[in-house]
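Thanks, everyone. I will take two topics today: how some helices cross, and one pocket. Please have the model on your screens.

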Amino acid sequence: MNIDRSTVEVAPPEVILSARNIEKRFGAVQALKEVNFDIYRGQVTTLFGENGAGKSTLMKILSGVIAQTAGEIVLEGESVSFSSPSDAEALGITIIHQELSLASNLNVRDNIFMGRELTKGRGSVDYKEEARQAELLMEELDEPIHPLTLVEDLRVGQQQIVEIARALSKNSRILIMDEPTSALSATEVETLFKVVQDLKNKGVSIVYISHHLEEALQITDHAVVLRDGVMTAYAPRSDIDLQWIVRHMVGESFDLGSPPTGYEQGPTALSIQNLYLSDDKVAGRYVVEDLSLDVRAGEIVCIYGLMGAGRTELLECVAGRTRQSKGDILLNSTDVSHYNIAQRIERGLVLVPEDRQRDGLVPTLSVGRNLSLASIHAFTRKGLTSSSLEAEMINSAIDKVHIKTDGGEAAIGSLSGGNQQKVVIGKMLATHPDVIILDEPSRGIDVGAKAEVFKLLSQGARRGLAVVFTTSEVSECLSIPHRVLVMSKGRISAEFKPGVTKDEIMAASGESVAA
Amino acid sequence: MSYQNMSHHNNNALQVEKGSIDIVKILLEGRAFFALIVIIIVFSMLSPVYFSTGNFLTMSSHVAVFGLLGIGMLFVILTGGIDLSVGSTLALCGVFAGMLLEGVEIEAFNLAFFPSVWVVVVLTCLLGGLVGAINGVLVAYFKVPAFVATLGMLYVARGAALLLTDGLTFNSLSGDPALGNTGFEWLGFNKLFDIPVGVLILFCAAVICMLALSRTPFGRWIYSTGGNARAAELSGVPVNRVKLSVYIISGVCAALAGIVLASQLTSAGPTAGTTYELTAIAAVVIGGASLMGGRGTVRNTLLGAFVIGFLADGLVIIGVSAYWQMVFTGSVIVFAVMLNNVQYSAKHKSSQQAEKTAEIKREGSRASAT
């Protein structure tokens, strides 16, 4: 019996890499301390932690970008040290960054062999052999993309798989993936996870980093949780759940809140009527089709949808960046369809864009000047800006949205993601809007900051602010909104009250169909 | 494996090195100023005539032309653009002013029209503004890359200047007391309170522009447009109007420079100011502005213009050949840009440091809260 069972039982996975007492200091600043964990062959180890918890520092140490101050990395029983990422790659450790490092003007084949071109003696590149190997790799990954396809013609998800293929072509045994799903649609995430499963079966170990906790839990075998540079927990998948991770990440129980109540909602503040928005890419198609939506003062509406559902396009149109092809947008019963962005802001309609680096922040301006950017006229007297009035405004904004900063003069780059997001929100709130629309306000910010942002929105609603925000995380639909709308293919496909379940929302979004 | 809890936190990391006064940083930030000092000291040692009020004033009136062009260029560069047409615009405006001073004959009515100097100045500035407006419309509304749009204008304006004069130079800019259009030389040649009028024009323009950049909403719009046009637009900044405006400002500055130069030389030629656009860009860059936009000040651009002007004139005074002058000036420009990179990457590093500090502070506050 015993003998029988031992053959059935899977042999305990073997440790391929161990981090032993890893410590990292930047000058006098301690960024990592006493980090100890193992990476097993053919298994996924996920690093959890808020922004600034030390995940990226740890990742950079493991991949040879920076060196640890103390402690050692043991690879297959031997202590190793890397002086550069190529050292780590030579030992089979490859990192795939969030911003992919592909040359989009080159094809798949050239990207896979970039910098390590196969040659036929005399220095001429053996394109045929490269193409053959590239094709094999892509087939292995179940993504049969032709090796001569230009990378810029691929979807982000496919590009990611090309990166993985490149890593595999270097015989990587450990793959570090930084936020690989942040730009992927649900279907693409599915594909990626299948690839991850394949890689595991091949004995490749994966170090996974994600803000999307639920998603990461689906594929991880081990969890390492970091908080403020210290490893707070390390456990196998079977011992943990979402609450466990969050508890160790934030160190306190967190709650995204519930719909604010105890006050009367006002009249309709924003009314979108039969809105059509044509697709730039395909003539005659609409990205938003016959969409109507009324939001009352003091109401919080959440729009849930997958990527490509038309949420961003809808919000950018409402804010005035793009013009609708048909339909009206009414703000406090005034048609604002022909107003530009500045006029809409003046009338009280503001947008917090999805990509804060690209659309939200001016990196060359200080925290304070970013905050005051949308309301310069409020502190301008006789054509000149008043620095005292501005400072007053900035300080009250920093205070109101709880930005952790050394003051208005600090560089915007010195803030964490969550605080940067609060700067963008604070900037728009400083214009005293009636309606605020936010595109994925929780993207790329940690749980604590997310809860704070939602609290801010609740407070705003209590004061009569109409709030519309979009999200791709179902858990957020069940927090503060009074109403949950599901958007799919440019239309609103369902509307729910707060008591709705996650499954109902996901079903209405077409997610289960994709799955 | 090893499970560690909060008690392991230690806040010793709070003691981030404040550092004593960082000399390297001061030298780096004030480098245009220090470069100017070094230039003055070196040439004063090499030549007995360099260090004198008279020479400084002469050199400053040379700087006036580059300074005016540089200030206009700064506005454009702050938005992330470039204006290659200012040298040609300067020439076009110069000959336009010369033409007006010689009198405009309207043959159909058999009338000759001699505008007074102030009218000439205003009309010339309007022409400069118009040239800039064409650049601005091309860049802001037709989305032509600034480099290409203003490169085209470099040729067009130069061609127009040559067409206006048939390739000749206007030499009689003094006007005629009988016609009431005298006094043009006064602008570049004469002195007011012992200072060349051209230099005073430069400083007036500089003060106005400084105020516009640092104290008006328009100035803030320029910096934000250059820093991140998309974010600026979504914050209600009229990005296209800002871009149009900066090219108009650059055009007007070029017109002013053209007037000053023509007045200094008492002649207006269609080939004046060739390659001055590059000198203007150099002044802006030496002043530490970023060609990517969003960073730079009028004060530093002026310093940049003085560095170039005082260096060039110094080399002339000590008798260095014109060929070597070009080599020196070129080296200074490249060196300046190199220092810009050092400065910005240093800033980047210090902001990363600050991020770590903030992180540690958060840790501290959280620990004390629990």
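Start with a term: the angle between two helix axes counts as roughly parallel under 35 degrees, roughly antiparallel over 145, roughly perpendicular from 65 to 115, and oblique for the rest. Keep in mind that this is a predicted model.

Now chain B. Helix α4(B), residues 86-102, and α10(B) have axes that come within 7 Å and cross at roughly 55 degrees. The two helices are therefore oblique to each other. The crossing of α4(B) with α10(B) is right-handed.

The second pair is α2(B), residues 31-46, and α12(B), residues 298-317. Their axes come within 9 Å, and the crossing angle is roughly 15 degrees. Roughly 15 degrees is under 35, so α2(B) and α12(B) count as roughly parallel. The handedness here is left-handed.

Next, the second largest pocket. How much space lies in it? About 810 Å³. Its lining has 29 residues, and those nearest the centre are A:Ile341, A:Ala342, B:Gly236, B:Val237 and B:Pro238. Three elements give two or more residues each: α11 (341-347) of chain A, and α9 (229-234) and α10 (239-265) of chain B. That α10(B) is the helix we met in the oblique pair. The largest share, five residues, comes from α11(A).

What is the lining made of? By residue type there are 12 nonpolar, nine polar and eight charged.

Last, where does this pocket lie with respect to the domains of chain A? Domain 2 (266-348 + 434-514) and domain 3 (357-432) both give residues to the lining, so the pocket lies between them.

That is all from me.

Methods:
Residues numbered from 1 in each chain as written. Chains lettered and ligands numbered in written order. Predicted model: local features only at pLDDT ≥ 70, side-chain atom pairs only at ≥ 80, totals over all residues. Heavy atoms only, no water. 1 Å grid on protein atoms, 1.4 Å probe; cavity = no way out; pocket = protein on both sides within 12 Å on 5 of 7 lines; lining within 4 Å. Points joined across faces, edges and corners; volume = space filled by probe spheres on them. Helix = DSSP H or I, 4+ residues; strand = E, 2+ residues; numbered from the N terminus. Nonpolar A, V, L, I, M, F, W, Y, C, P; charged D, E, K, R; others polar. Domains from an automatic or database assignment. Axes fitted to C-alpha atoms, helices over the stretch in contact; angles between N-to-C directions. Left-handed = near helix turned anticlockwise from the far one by under 90°.
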